[in-house]
Amino acid sequence: YLETTPHRIEEERMGVLLQRLVGSRHDDRFYPLFSGVSTSYNFYPFRNMKPEEGVALVAVGLGKEVVEGFEALRFCPAHPQVLPQFSSVKDMLKNAQRRFWALDMTSRDVIPGLRFDANLVCDDVTRALQEPAAALVASCYVRENDNLVDGLGRGAPLVTFARLLKGRGLPLPEILARVLEKTQAGMGMPVEIEFAADGDGVRQPLTFYVLQVRPMVVEPGLALADVGAIPPERLVVTSPGALGNGRSPAVRDVVVVQHDLER
């Protein structure tokens, strides 16, 4: 930290938190069954979703897959069966997670420096789907009838989280909804949580872990606006449904053309 900043060690104070890594060892890899991020406010609701119902992203393995924008399953805890990226079998085959991150147990002597992921490794997700616990997060594609069956069995395995989204093995949507509700009430503002779960549901119960809770990170200019408080005469354009809010600093003028204007 000091090498990458202009600060002097005599003037700096830092708190250090040591946290146990959630997961299990699988040969020379260590990772949780799945991990994810959830926020109590959803800027991009879909269908009957409400922004206040939140949103979650989950993926097999370590959370690097989620927080760095790689392949992850996005769903609303209040509507876990509404999955736009999985709207058809073709979409599932195209959008399902294909890789996962794990701790490389063969690199015990690596001390992460500026490259903080030096002891992590990215593997094909089929390696994780060979474990018995994967039956909780996987479905199998049966080519003969172009269909998917929950769990592991005959066919090509895909990461769908189908069983968990149906509340089987672990009521994941209900847990996330409750944690988001309680943490938001406790902090008095929208929150963002990181979580993980591990276990096989048989010998080791599948356990849900809350890793972090923090105020929801909202970029400047993206703060939640009370649109209802704006006088109607000041509104330029209105719509009953819109995808979030944002800011484009390059915009200087807005030209409004009446819809019935003759060319």
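**Exercise 1.** Is aspartate 123 buried or exposed?

*Solution.* Start with the ground rules: this is a predicted model, where local features need pLDDT of at least 70, side-chain atom pairs count only at pLDDT 80 or more, and totals for chains, interfaces and linings use all residues. Residues are numbered from 1 along each chain as its sequence is written, and side-chain values use heavy atoms, with hydrogens and water left out.

Next, find aspartate 123 in strand S7 (strands are DSSP runs of E, at least two residues, numbered from the N terminus). Its relative accessible area is 15%. Aspartate 123 is therefore buried, a word that means under 20% relative accessible area, with exposed over 50% and partly exposed in between (1.4 Å probe, protein chains only).

**Exercise 2.** Which residues does aspartate 123 touch, not counting residues up to four places away in sequence?

*Solution.* Look for contacts, meaning heavy atoms within 4.5 Å. You should find Arg29, Arg98, Arg99 and Phe100.

**Exercise 3.** In what order do the four strands of the open sheet lie?

*Solution.* The order is S1-S2-S6-S7, with antiparallel pairing (two strands pair if DSSP finds at least two bridges between them). Strand S1 (24-26) and strand S7 (120-124) are the edges, each pairing on one side only. Now zoom in: S2 (residues 29-31) and S6 (residues 99-104) pair over two bridges, and arginine 29 has aspartate 104 in S6 as its bridge partner.

**Exercise 4.** Where does glutamate 192 lie?

*Solution.* Glutamate 192 sits in strand S11 (residues 191-198). Glutamate 192 is buried, with a relative accessible area of 15%. Its contacts include Val37, Thr39 and Met216.
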